[in-house]
Number of protein chains: 2
Amino acid sequence: MSKYDVKQEVTDNFSLSGRVFHNIREDILNGKYKENDELREVAIGEELGVSRTPVREAFRQLELEGLIQIVPNKGAYVTGITRKDVQDIYMIRSLLEGLCARWATENITEEQMAEMEENIFLSKFHAEKGHYDQLAELDNRFHEIMYEACNSKMLEHQLRDFHQYVLRVRKKTLSNVNRGRKSNEEHEQIMEAIKAKDGDRAQALANAHMINAYNNMVKNGLNEDFGEKAQD
Amino acid sequence: MSKYDVKQEVTDNFSLSGRVFHNIREDILNGKYKENDELREVAIGEELGVSRTPVREAFRQLELEGLIQIVPNKGAYVTGITRKDVQDIYMIRSLLEGLCARWATENITEEQMAEMEENIFLSKFHAEKGHYDQLAELDNRFHEIMYEACNSKMLEHQLRDFHQYVLRVRKKTLSNVNRGRKSNEEHEQIMEAIKAKDGDRAQALANAHMINAYNNMVKNGLNEDFGEKAQD
DNA sequence: CTTTGGATAATTGTATACAATTATACGATT
DNA sequence: AATCGTATAATTGTATACAATTATCCAAAG
């Protein structure tokens with residue numbers, strides 16, 4: 001019975017294929033499955049206690065996300081994520097987060113603005129206290145608010161995907177207390193620009209925010225994770 | 001006939017699910033399935049002569065692409081593409097095509113440069129002759145070359161997706177002879193900037209190229225296609 | 001007439017069976 | 001010993017069977 005008492009998030013109420021999808025993706029991003037590893041349907045099915053059907057559905061999704069490559073009648077192979085991939089994603093994100101901040105400036109609702117201000121306030125508090133977990137969560141949430149506020153289903157979708165993609169790498173980064181504080185300051189500036197309806201400034205700040213996050217990540221932590229996979 | 005060595009998407013394989021995926025996507029993009037339509041697994045399976053299994057796999061992919069929404073135990077509903085979506089995609093693409101042109105400037109190979117020059121040359125020829133089909137193909141190919149030349153798997157993937165997404169809308173646009181000629185000129189300028197290793201200029205030109213393509217599209221053709229779905 | 005209850009049908013979710021394809025093992029031939 | 005060919009096993013591709021859930025219909029109650 002203890003097996004079923006394990007705490008599950010409400011949003012984990014997915015279909016089996018959905019759970020399998022998230023599970024495998026996490027395992028690829030975690031490094032459990034490494035580049036060029038072959039994923040076998042039965043093995044993964046048994047590991048997760050499901051049949052091949054949901055596993056195959058998950059495979060198709062992972063293929064579309066570019067995390068695995070399915071070779072017909074042969075197998076599914078992990079594509080992995082190289083150091084250069086991460087770098088490219090951050091460059092792409094910096095442009096799109098900038099655009100998002102601009103659009104958010106034009107479309108943000110009062111409720112969203114209020115939540116953003118609250119987010120900044122809480123982040124300051126938890127930064128003082130050294131509550132890294134809450135800080136990471138608030139950081140995520142800040143970006144989520146912006147994604148919602150930009151009022152663009154397409155852009156929101158893109159940014160959310162990228163966000164997920166580099167989430168693991170970002171975790172480490174934020175546990176650096178200095179970057180956490182600096183990140184908060186940058187969020188606050190972005191928020192102020194949005195509040196002041198200064199789209200140009202919001203865009204530039206959000207753009208720079210991503211570049212800073214990337215540069216900080218490169219300085220500490222990325223090498224040990226991706227050194228063996230580095231291509232460039 | 002022209003070349004077949006054009007790089008294809010992974011899902012273009014000969015598996016049933018791949019075919020079903022492309023089939024449904026095409027039908028959504030060309031309006032056979034409209035917004036909020038419910039897609040039933042057996043109906044589509046029978047129509048394409050396959051069982052539910054490949055249909056379901058295709059559904060999962062379509063959901064990830066944002067073309068349909070799967071409500072657990074209920075059904076799959078077409079999300080559709082609004083006029084605002086198209087506009088947003090073009091804005092996003094303009095940024096990413098700019099980045100792509102910049103990176104292509106830094107990474108393009110001699111072979112790719114040669115093909116790009118050949119592409120420009122052929123485009124001029126077919127524009128003179130009024131060969132719209134070849135012109136559209138060459139236009140697609142020009143962008144494909146840039147996507148490959150940028151040397152970024154991530155960016156290439158993103159741009160290819162967007163490109164596919166708006167392909168149908170673009171078809172009409174290019175059949176406007178004036179836009180076709182203007183587009184060619186812009187391609188040539190981008191090519192020249194890349195050849196001259198002027199990344200800034202290449203980026204700015206590619207950026208503007210997308211904006212122009214969008215503005216032209218809005219001027220003629222978009223309304224009749226998306227008028228009934230327009231939200232804004 | 002509207003509402004409600006439940007039987008029935010339709011649809012999706014999952015597992016399994018079977019076919020097609022590919023990988024592996026192993027002996028025969030050279 | 002190396003290579004080839006074939007039998008066998010392993011794996012993926014597809015279809016189907018069964019379970020779970022949701023939608024529909026219709027009669028009876030108010």
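Modeller: Two residues are in contact when heavy atoms of theirs lie within 4.5 Å. The structure discussed here is a predicted model.

Colleague: Leaving aside neighbours within four places in sequence, with which residues is L205(B) in contact?

Modeller: L205(B) sits in helix α10 of chain B, which covers residues 199–219. With a relative accessibility of 18%, L205(B) counts as buried, because the limit for that class is under 20%. Once the neighbours within four places in sequence are set aside, the contacts of L205(B) are Q189(B), I190(B) and A193(B).

Colleague: What separation lies between the C-alpha atoms of L205(B) and K182(B)?

Modeller: Along the chain, L205(B) and K182(B) are 23 residues apart. In space, the distance that separates their C-alpha atoms is 13 Å.

Colleague: Is Q112(B) buried or exposed?

Modeller: Q112(B) belongs to helix α5 of chain B, residues 110–129, and a polar atom of its side chain lies 3.0 Å from the backbone nitrogen of T109(B). Not counting residues up to four places away in sequence, Q112(B) touches N107(B), I145(B), E148(B) and A149(B). The relative accessible area of Q112(B) is 17%, and since the class limit is under 20%, the residue is classed as buried.

Colleague: How many disulfides does a search of the whole structure find?

Modeller: A disulfide is a covalent bond between the sulfur atoms of two cysteines, and to be counted here the two sulfur atoms must be within 2.5 Å. For C100(A), which is buried with a relative accessible area of 0%, the closest cysteine sulfur is that of C150(A), at 4.0 Å, and this is too far for a bond. C150(A) is likewise buried, at 1%, and its own closest cysteine sulfur is the one in C100(A). Over all chains, the number of disulfides found is 0.

Colleague: What is the area buried between chain B and chain A?

Modeller: The contact takes 35 residues from chain B, together with 34 residues from chain A. Of the area that chain B buries against chain A, R60(B), L64(B) and M154(B) supply 21%, which is more than any other three residues. Carbon and sulfur atoms give 64% of the area buried between the two chains, and that area is about 3100 Å².

Colleague: Which helix gives the most to the surface near DNA strand C?

Modeller: DNA strand C is surrounded by 18 residues, and the closest are S51(A), T53(A), K74(A), R52(B) and R56(B). Two helices, α4 (52–65) of chain A and α3 (52–64) of chain B, each supply at least two residues of the surface near this strand. The helix that gives the most, with 3 residues, is α4(A).

Colleague: Which residue has a side-chain N or O atom 2.7 Å from a base nitrogen of DNA strand C?

Modeller: Of the atoms of DNA strand C within 4 Å of the protein, 70% belong to sugar or phosphate, while the rest belong to bases. On the phosphate side, a backbone N or O atom of L16(A) lies 3.0 Å from a phosphate oxygen of the strand. On the base side, a polar side-chain atom of R52(B) is 2.8 Å from a base nitrogen. The residue whose side chain places an N or O atom at 2.7 Å from a base nitrogen is T53(A).

Colleague: How many charged residues does the surface near DNA strand C have?

Modeller: Sorted by class, the surface near DNA strand C holds 5 nonpolar residues and 6 polar ones. The number of charged residues in that surface is 7.

Colleague: Which helix gives the most to the surface near DNA strand D?

Modeller: Around DNA strand D there are 18 residues, the closest being R52(A), R56(A), S51(B), T53(B) and K74(B), and sugar and phosphate make up 70% of the strand's atoms that come within 4 Å of the protein. The helices α4 of chain A and α3 of chain B each supply at least two residues of the surface near this strand. With 3 residues, the one that gives the most is α3(B).

Colleague: What is the distance between a base nitrogen of DNA strand D and an N or O atom in the side chain of R52(A)?

Modeller: Phosphate oxygens of DNA strand D are approached from both chains: a backbone N or O atom of L39(A) lies 3.5 Å from one, and a side-chain N or O atom of K74(B) lies 3.0 Å from one. For a base nitrogen of the strand and the side chain of R52(A), the distance is 2.8 Å.

Notes: Residues are numbered from 1 along each chain as its sequence is written. Chains are lettered from A and ligands numbered from 1 in the order in which they are written. This is a predicted model: local features need pLDDT of at least 70, side-chain atom pairs count only at pLDDT 80 or more; totals for chains, interfaces and linings use all residues. Side-chain values use heavy atoms; hydrogens and water are left out. A residue is near a molecule or strand if one of its heavy atoms lies within 4 Å of it. A polar contact is a pair of N or O atoms within 3.5 Å; within protein, one must be able to donate a hydrogen and the other to accept it, and residues adjacent in sequence count only if both atoms are side-chain atoms. Helices (H or I, at least four residues) and strands (E, at least two) are DSSP runs, numbered from the N terminus. Ala, Val, Leu, Ile, Met, Phe, Trp, Tyr, Cys and Pro count as nonpolar, Asp, Glu, Lys and Arg as charged, and the others, Gly among them, as polar. Buried means under 20% relative accessible area, exposed over 50%, partly exposed in between (1.4 Å probe, protein chains only). Buried area is the accessible area (1.4 Å probe) that two parts lose on being put together, summed over both.
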